[in-house]
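Please open the model in your viewer and keep the sequence panel beside it. The stops below can be selected one after another.

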Amino acid sequence: MKIFIDTADIDEIEEAYSWGILDGITTNPSLIKKAVEKLKNKGKKVDMEEYIKKICSIVEGPVSLEVRGIKAEEMVREGNILYEKFNDINDNIVIKIPVNTAFNENDEQFEGIKAIKELEETGIPTNATLIMAPEQALLAAKAGASYVSPFLGRVDDYIRSVKGIEYSKMDYWDFDASILMENKEREKKAENGYKVVSSVSYSDNGIYSGVHLVESIIRIFDSYSYDTEIIAASVRNARQVRLVAEMGVDIATIPFTVIKEMVSHYKTMEGMKKFTQDVVEEYSKLFE
Ligand code: G3P
């Protein structure tokens, strides 16, 4: 599995890159805003063009940069600008296009899909972002997207908030337990003699969690041998990374804090203390 870092913070990118584990970078307007605010708080001025050039030069792998337009035409124009400005640096630009740019149901729903198709036809790779349903990923793949980014954490947030379940942002959403709860509700209804037409669902239209969303997309893409790579995004904890890795997802894009969480374990630290204490003088002499 390839590991991308989900950040626009150059300090984080450089640090993770120095560990030898980084295959790419994903950014979005919110991550750029966070990085810019950090620099401004330190009293630094930001030259955005130079800043992004630096990001592109650090890693050999793909760097996703997102458009800000809403209409296909705008997104294609902006995608071309980003590609022309930055692809020469390291030949690694991918244009992030929201799969659907509608703000509400009356808006145009296919602008993202159209932009993906147009950019891909001119040889500019795209990453279909804000994927919350397998069907969106299927359409993005049909349009020729090089990558799709299912948003694990936000799907978990949605299911938990609709069901009134309290959670903290980085908590793992235990969807196995949610399926159990759903089955119990079904059994209870059956016992009471109700005909079970639809269940009390701990899901979003049959998707139980962000991890389950990835599983579904993998199954669909495998069925039709799509080349589109899946980037597990909006990752909130190490356990999500483990589960999507077990499923064979192509890529996980991971915030810096979660990358650090992946390597840390209480018993590793405890073992480390003991090994350090137990070094005898005779063994130490080997290193003199
Ligand atoms: O990769 C998408 C990501 O940046 C969104 O993450 O935690 O804001 O849902 P989050």
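This tour goes from the strands to a pair of helices and then to a series of charged side chains.

**The barrel**

Bear in mind throughout that this is a predicted model. Begin by displaying the strands alone: eight of them close into a barrel, in the order β1-β2-β3-β4-β5-β6-β7-β8, and the pairing is parallel. Going from one strand to the next, the twist averages 30°.

Next, select residues 93-98, which form strand β4, together with residues 126-131, which form strand β5; these two strands run parallel and are joined by four bridges. With both in view, pick P98 and look across to β5, where T129 stands opposite. Then add residues 111-121, which make up helix α5; this helix lies across β4 and β5, and its direction is at about 160° to that of β4.

**Two helices in contact**

Now hide the strands and select residues 152-162 for helix α7 and residues 210-224 for helix α9, whose axes are 7 Å apart and meet at an angle of about 125°. The two helices are therefore described as oblique to each other. To see where they touch, show the side chains of L152, V155 and D156 on α7, and on α9 select G210, V211, L213 and V214. Sorted by character, the residues of this contact comprise five that are nonpolar, one that is polar and one that is charged.

**A buried charged pair**

Stay on helix α7 and select D157, which is found in this helix. Is D157 buried or exposed? Its relative accessibility is 16%, and because buried means under 20%, D157 counts as buried. Leaving aside residues up to four places away in sequence, D157 touches Y167 and R236.

Select R236 as well, since D157 forms a salt bridge with it, in which the closest N and O atoms are 3.1 Å apart. R236 lies in the loop between β7 and α10 (238-246) while D157 lies in helix α7, so the pair ties together parts that are 79 residues apart in sequence. R236 is also buried, with a relative accessible area of 7%.

**Other salt bridges**

Side chains of opposite charge can pair when their charged atoms come close. How many salt bridges does a search of the whole structure find? The search finds 17, and a few further examples can be visited in turn.

Select E229 and K2, whose side chains meet in a salt bridge with an N to O distance of 3.0 Å. This pair links distant parts of the chain, for E229 belongs to strand β7 (residues 229-232) and K2 to strand β1 (residues 2-6), 227 residues apart. K2 is partly exposed, its relative accessible area being 33%.

Move on to K54 and E14, where the side chains again meet in a salt bridge, with 3.0 Å from N to O. Here the connection runs between helices: K54 is in helix α3 (residues 48-58) and E14 is in helix α1 (residues 10-18), 40 residues apart. K54 has a relative accessible area of 39% and is partly exposed, and E14, at 34%, is partly exposed too.

For the last stop, select D9, D11, K38 and K42 together and show their side chains, which are linked in a network of salt bridges.

Key: Residues are numbered from 1 along each chain as its sequence is written. This is a predicted model: local features need pLDDT of at least 70, side-chain atom pairs count only at pLDDT 80 or more; totals for chains, interfaces and linings use all residues. Side-chain values use heavy atoms; hydrogens and water are left out. Axes are lines fitted to C-alpha atoms, for helices over the stretch in contact, and angles run from 0 to 180 degrees between N-to-C directions. Angles under 35 degrees count as roughly parallel, over 145 as roughly antiparallel, 65 to 115 as roughly perpendicular and the rest as oblique. Contact means heavy atoms within 4.5 Å. Ala, Val, Leu, Ile, Met, Phe, Trp, Tyr, Cys and Pro count as nonpolar, Asp, Glu, Lys and Arg as charged, and the others, Gly among them, as polar. Two strands pair if DSSP finds at least two bridges between them. Buried means under 20% relative accessible area, exposed over 50%, partly exposed in between (1.4 Å probe, protein chains only). A salt bridge is a side-chain nitrogen of Lys or Arg within 4 Å of a carboxyl oxygen of Asp or Glu.
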